Amino acid sequence: MSAPLLSVDRERCIGAGMCAMTAPDVFDQDPDEGLVLLLDAEPPVAHRAAARMAAGVCPSGAIILHEPESGGA
Ligand code: SF4
């Protein structure tokens with residue numbers, strides 16, 4: 001099973017761009033509307049801290065993190 005670790009809700013996104021600035025390897029913005037584009041739904045460990053931070057700074061709560069239940073910190 002490989003449930004995605006991250007998802008984005010483009011309906012909620014307001015194009016603030018915080019995610020793409022915080023985790024440019026994981027998020028981008030589409031050039032027309034400026035809405036979030038998810039580049040990597042299962043980012044490698046090296047990018048997960050940034051992805052988590054991006055979810056925290058998103059002003060509209062459009063980034064959904066699916067943390068695994070187990071696996072330690
Ligand atoms: S930070 Fe949130 S509102 Fe801003 S572009 Fe990213 S997903 Fe959209």
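Visitor: What share of the protein chain counts as buried, and what makes a residue buried?
Guide: In this predicted model, 22% of the 73 residues of the protein chain count as buried. A residue is placed in that class because 20 or more other C-beta atoms lie within 10 Å of its own.

Visitor: What makes a set of residues a nonpolar core, and which members of the largest one touch the most others?
Guide: Its members are buried residues of the nonpolar kinds named for a core, joined through C-beta atoms within 7 Å. The largest such core has 15 residues, of which Cys 19, Ala 54, Cys 58 and Ile 63 touch the most other members. Strand E1 (6-8), H1 and helix H2 (45-57) each give two or more residues to this core, and H2 provides the largest share, three residues.

Visitor: Why is Ile 63 said to be in contact with Leu 6?
Guide: Contact requires C-beta atoms within 7 Å, so Ile 63 and Leu 6 meet that limit. Beyond its neighbours within four places in sequence, Ile 63 is also in contact with Val 8, Cys 19, Ala 54, Ala 55 and Cys 58.

Visitor: Which residues come nearest to the ligand, and what makes a residue part of its surroundings?
Guide: A residue qualifies because its C-beta atom lies within 6 Å of the molecule. There are 16 residues around the ligand, and Cys 13, Ala 16, Cys 19, Val 36 and Cys 58 come nearest. Helix H1 (18-22) and strand E2 (27-29) each give two or more residues to this shell.

Visitor: How many residues of that shell are charged?
Guide: None: the shell divides into 12 nonpolar, four polar and no charged residues.

Note on methods
Residues are numbered from 1 along each chain as its sequence is written. This is a predicted model: local features need pLDDT of at least 70, side-chain atom pairs count only at pLDDT 80 or more; totals for chains, interfaces and linings use all residues. A residue is buried if 20 or more other C-beta atoms lie within 10 Å of its own, exposed if 12 or fewer, and partly exposed in between; C-beta atoms are placed from the backbone. Helices (H or I, at least four residues) and strands (E, at least two) are DSSP runs, numbered from the N terminus. Ala, Val, Leu, Ile, Met, Phe, Trp, Tyr, Cys and Pro count as nonpolar, Asp, Glu, Lys and Arg as charged, and the others, Gly among them, as polar. Two residues are in contact if their C-beta atoms, placed from the backbone, lie within 7 Å.
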